[in-house]
Amino acid sequence: MNEYCIGGIPSHIERNYHLVRFVQKEVLDSCRQGNFLIGSIHRNRAFDDARGDQGEATVTVTLKSKEPTHTGFHFEGEECKKYTLIAATEKFTGMRAHGWSIANQPLITKNLPSLSFALISKNCSHDEKIIQARVIRESIGMNQDSPCLVIKKPNELIKTLSHVLTSQKLTSAKRLTVLTGKINYAQREITTFSKATYMKTIDELFYSGALNVGFLFTKPENYKEDREFRVVWIGHSGPTHQQVRTPLNTDINSKNYLILPGINFEQNFSLIEDLEQTH
């Protein structure tokens, strides 16, 4: 599973990469006026272009029995609904099968604030950085004239966004903890080979009350040219942002996105064409 960081951008990411964000050309003026959009997991699922991913923050769990076909495995009664999503009835008391899968099951019940950047290597020429930006633009389905904003101080920007989210009560959580990480481009599937392991996996993923963070940073390999670095905010009731307490409250008031005001453009962003002047 991929790595993620609690609290901000890891130092090795800042050291080796520019974090960039693409915006539509027609909204650049709005950005210059201090408006900044934060999306969500629900919004990521809803895109109908190259950015869309209906499996965001979901996981598939598969059971492949190694037993002979005529035996397989058996679920009955209450465990039938819990582990196969098919409820037993008076007439249908259980099921036996040699393989089973519950597909694309959501890991969060509410809507998680989500912000995507792209990573461009610092260890290359300016022309190569422009080429990387062009490839990413195409991958995420944006026009080639869409401005590429380079984040000057990523951790400072995230602190500012977090402050606006809480101070303007744009979430119902008392505290927000920031989680960041490079997207891991891999299958969102866990394969098990015994009933006991399958049941344990289901229990940990969906009934333990824990948020399995790794799958928030996993997307299929066909998105790998996005070179995405993701920031999400977890709401909770802990006394500080570092002392996370359940229940986790991950909603942003049921909206698919938020536009945060007062984000100073000149302080936080430069255009990639001006990169050599700022680094």
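I count two elements as in contact when heavy atoms come within 4.5 Å of each other. With that in hand, I opened this predicted model and started at a helix.

**Entry: the helix.** I looked up what helix H7, residues 195-207, lies on. H7 lies across three strands, S4, S7 and S12. Against S4, H7 runs at about 165 degrees.

**Entry: the sheet.** Next I followed those strands. They make an open sheet with the order S7-S4-S12, and the pairing is mixed. Which strands stand at the edges? I found S7 (99-106) and S12 (189-192) there; each has a single partner strand, so one side of each is left without a neighbour in the sheet. On average, neighbouring strands here are turned by 15 degrees against each other, direction ignored.

**Entry: S4 with S12.** I then checked how S4, residues 58-64, pairs with S12. The sense is parallel, and the pairing runs over four bridges. For a spot to click on, I noted Val61, which stands opposite Ile190 in S12.

**Entry: Glu56.** My last stop was the loop between helix H3 (41-46) and S4, where Glu56 is found. Is Glu56 buried or exposed? Its relative accessible area is 1%, and the cut-off for buried is under 20%, so Glu56 counts as buried. I wanted to know what surrounds this acidic side chain's residue, so I listed what Glu56 touches beyond four places away in sequence: Ile41, Asn44, Arg45, Arg188, Lys219 and Arg230. One of these, Lys219, makes a polar contact with Glu56, side chain to side chain, at 2.8 Å.

Notes. Residues numbered from 1 in each chain as written. Predicted model: local features only at pLDDT ≥ 70, side-chain atom pairs only at ≥ 80, totals over all residues. Heavy atoms only, no water. Pairing = 2+ DSSP bridges. Helix = DSSP H or I, 4+ residues; strand = E, 2+ residues; numbered from the N terminus. Axes fitted to C-alpha atoms, helices over the stretch in contact; angles between N-to-C directions. Buried < 20%, exposed > 50% of the residue type's maximum accessible area, 1.4 Å probe, protein only. Polar contact = N/O pair within 3.5 Å; in protein donor to acceptor, adjacent residues only side chain to side chain.
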